Amino acid sequence: MFGYISPDAPYLFKKDEVLYKALYCGLCKGIGKSCGQTARSALSYDIAFMSAMIHNIRGEDVTIKKQRCIAHIFRRRQVALPDDTTLALGCVNTALVYFKLCDDIRDGDGHGIKRLLYKKGYKRALKRHPAVAEIISRNMSQQNALEEAGCEIIDEACEPTAQMMRELSIYLLGPYSGEWTEKLFYCLGKWVYLADALDDYDKDVKKGAYNVLYKSCREPSKAEAVKKDGGEMVFIFDMLFAQMRECIANINFSFNHDLTDNIILRGIPLKTRKLFYGESCGGCGKDGGRDAAKTQPAEGVGNL
Amino acid sequence: MKNENLEILGLSAGATREEITEAYQVLKAKYLEERFMDGEVGNNAARMLTRIETAYSELTKEMSEDVSSGGGDAYARVEELIKAGNLQDAQRELDNFNERGGRWHYFQSVVFYRKNWTNESKKQLEIAMQLEPDNEQYKDAYRKLNDRINFDAQSGAAGASGTQTQNGQPRNGSTYQGQTMNGNTSDNQMGGNGCAQCLDCCYTYLCVSCLCDGCCR
C-alpha cells in the first residue's frame with residue numbers, strides 16, 4: 001500500500017470526511033497500542049480505507065470520540081476508538097511497511113535506518129498476527145521472483161500483490177468474507193500494483209529497474225507509452241473499475257457505504273487518470289478524457 | 001480411428017499419438033532399407049512404404065480433428081474443471097495440448113477470465129476469433145467481455161434507483177456514479193478543470209491551518 005487509494009475530495013460528504021479522518025486517527029492510536037509508538041508514523045490513508053470497508057462488511061460500528069493526541073496536542077480530534085479490527089489493521093500496516101522497506105533495501109534504495117525504526121513494531125505485529133506476516137512475506141517473495149524473472153505479462157505480474165490483498169481480506173473479514181469481497185480486494189491489490197508501476201514508469205526506465213508496464217510496451221517514457229499503447233492500459237484499468245463496481249454492488253454492507261463508494265467509484269479512477277494523463281488534466285478528466293477518446297475511439301464495446 | 005490403419009503400423013486400438021509416431025518411424029526406417037533388395041522383399045517394402053505413409057497421415061489427421069472439433073474428451077475435462085472452479089488443474093490440462101486451435105484459445109481465455117486476468121483473456125479470445133472467424137460463440141464471448149466494462153453504467157450500482165433488483169443483480173445502490181478512464185461525460189461541472197486548482201487551494205489552506213493549529217487554540 002503506497003498511498004494511492006484516496007477519495008475524490010470535492011465529492012466527499014462532510015460526514016464521510018469526518019468518519020475517514022476519525023478512522024485514520026483511530027488506526028494511529030491503535031498502532032500505538034499494538035505495535036508501539038514509532039510504528040505510528042508509518043500509517044497511510046490506504047489503511048483507513050480498508051478500515052472503513054472491513055468494519056462496514058463485518059457490521060462493527062465504531063465509536064467516535066474527541067481526544068487529544070501526540071500530533072495534535074491542543075485541538076482535540078475526532079477519533080474512532082480502536083477495536084480488535086483496528087488493531088489487526090494496524091499490524092497489517094506495520095508489516096506491509098516493514099516488508100516494503102526490506103524490498104527497497106534489496107533494490108538498492110536503502111532505508112536501513114528507517115527499517116530499523118519499524119523493526120520492533122514489526123516484531124510486535126508478528127507476535128499478534130503471525131498469519132498476516134506470513135501472507136505478506138510469502139506473496140512479496142513471489143512478487144520478487146516474478147520481477148527477477150522479468151515477467152512481461154501485465155496480468156501475471158500483478159498476481160502476487162493482488163493475491164496478498166485477497167488473502168488479507170479473507171483473514172480480516174473471517175466469516176464475512178465471500179466471493180465478492182475476495183474479488184474486490186484482489187482488484188484493489190492489482191490496481192495498487194499497477195498504479196505504482198504507472199507512477200514509477202519514468203523513474204524505473206531511467207534506473208533500468210523492473211517495471212511491468214515498460215516490459216509490456218517498451219516505450220522510453222510514460223507519455224509515449226500512453227500515446228502509443230494506451231488502449232491496452234485503458235482496457236485494463238477500465239476493466240478493473242468495472243469489476244470493482246460489480247463487487248461493491250454485490251457485497252453485503254451493514255451500514256451506508258458512501259465513503260468507500262466515493263473512493264472506489266470516483267477516487268480510484270480519478271487517481272488513475274491523474275497518473276495516466278498527468279496531474280493538470282486529471283482533475284475533471286476532461287482534457288485527458290478527450291485525448292483518450294481520440295487515441296482509441298473504438299476500444300471496448302462493439303469492436304467487431 | 002480406423003483399426004486397419006493401426007494394424008498396418010502393428011498397433012491395436014487405443015494407441016496414443018506417441019506410439020503411432022514411434023511405430024511409423026521404426027517401420028519407415030526398416031522399409032527404406034529393404035526397398036532396394038532384390039526380388040519380392042524389395043517389392044513388398046516399396047508397397048508397404050506407401051501403405052504406412054497413407055495410414056500415418058490418415059491417423060494424424062483424424063487425431064487432430066478429434067482435438068480441434070471438440071469431440072475429444074480433453075476439452076470436456078477442461079470444461080468440467082473450470083465449472084468446478086479448479087483453475088489450476090484446468091490450466092495443467094490445457095498446457096498438455098499439442099494442437100492449439102481456436103477452441104483451445106477459447107478455453108484458455110475462460111480460465112484467464114476466471115482468474116481475473118481480463119487482459120490476457122481478451123488476447124486469447126482475439127486469437128481464437130482470428131483462427132476461426134466464423135465461430136459465433138467466440139464473437140459472443142468477446143462482445144460480453146467488452147460489455148463488462150460498462151457494468152453499472154446501465155444496470156448496476158449507479159443511477160438513482162439504488163434499490164434491490166432480482167436475479168442476483170446488484171443489491172447496493174450508490175450515491176456516486178462509476179467513472180472510467182475517459183472521465184464522466186455526463187457530469188459537467190461548471191468551471192470545468194478549475195476544481196483541480198480549487199483542490200490545490202484547499203490543500204494549501206489545510207497546510208496553513210495545520211501550521212496554525214498549534215497556536216490558534
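Here is a short chat about how some labels in this predicted model are earned.

User: What should I keep in mind about the numbering and the model?
Analyst: Residues are counted from 1 along each chain as its sequence is written, and chains are lettered from A, with ligands numbered from 1, in the order in which they are written. The model is predicted, so local features need pLDDT of at least 70 and side-chain atom pairs need pLDDT 80 or more, while totals for chains, interfaces and linings use all residues, and side-chain values use heavy atoms, leaving out hydrogens and water.

User: Why is A:Lys120 called exposed?
Analyst: Exposed means over 50% relative accessible area, buried means under 20%, and partly exposed is in between (1.4 Å probe, protein chains only). A:Lys120 has 69%, so the exposed label fits. B:Gln88, in helix α5 (residues 87-95) of chain B, is also labelled exposed, at 63%.

User: What makes the positive surface patch, and which helix gives the most to it?
Analyst: The patch is formed by A:Lys33, A:Lys120, A:Arg124, A:Lys127 and A:Arg128. Lys and Arg count as positive and Asp and Glu as negative, with His and the chain ends not counted. To join a patch, a residue needs over 30% relative accessible area and no salt bridge; like charges are joined within 9 Å, and nonpolar side chains (Val, Leu, Ile, Met, Phe, Trp, Tyr) within 5 Å. Helix α4 (residues 112-128) of chain A gives the most, with four residues, and A:Lys120 sits in that helix. Helices here are DSSP runs (H or I, at least four residues; strands are E, at least two), numbered from the N terminus.

User: How do you know that A:Glu148 and A:Arg106 form a salt bridge?
Analyst: The rule asks for a side-chain nitrogen of Lys or Arg within 4 Å of a carboxyl oxygen of Asp or Glu. Here the closest N and O atoms are 3.0 Å apart, so the pair passes. The bridge links distant parts of the chain, with A:Glu148 in helix α5 (residues 130-148) and A:Arg106 in helix α3 (residues 84-107) of chain A, 42 residues apart. A:Glu148 is exposed at 61%, whereas A:Arg106 is partly exposed at 41%.

User: What about B:Asp89 and B:Arg92, how far apart are they along the helix?
Analyst: They are three residues apart in helix α5 of chain B, which means about one helical turn separates them. Their side chains meet at 2.8 Å, N to O, and that is within the salt-bridge limit. Over all chains, the search finds 27 salt bridges.

User: Why does A:Cys69 have no disulfide bond to A:Cys25?
Analyst: A disulfide is a covalent bond between the sulfur atoms of two cysteines. Here the test is a pair of cysteine sulfur atoms within 2.5 Å. The sulfur of A:Cys69 is 6.1 Å from its closest cysteine sulfur, in A:Cys25, so that pair is too far for a bond. A:Cys158 fails too, because its closest cysteine sulfur, in A:Cys151, is 8.6 Å away. The count over all chains comes to zero.

User: What makes the phi of A:Arg218 worth a look?
Analyst: Most residues other than glycine have a negative phi. A:Arg218 is not a glycine, yet its phi is positive, about 60°. A:Arg218 lies in the loop between α9 (212-217) and α10 (222-250) of chain A.

User: And is B:Asn116, in its loop, buried or exposed?
Analyst: B:Asn116 has 11% relative accessible area, so it counts as buried. B:Asn116 lies between α6 (102-114) and α7 (118-131) of chain B, with a positive phi near 70°.

How values were computed
Areas by Shrake-Rupley, 256 points an atom, 1.4 Å probe, with all protein chains shown as cover. Charge placed at Lys NZ, Arg CZ, Asp CG, Glu CD.
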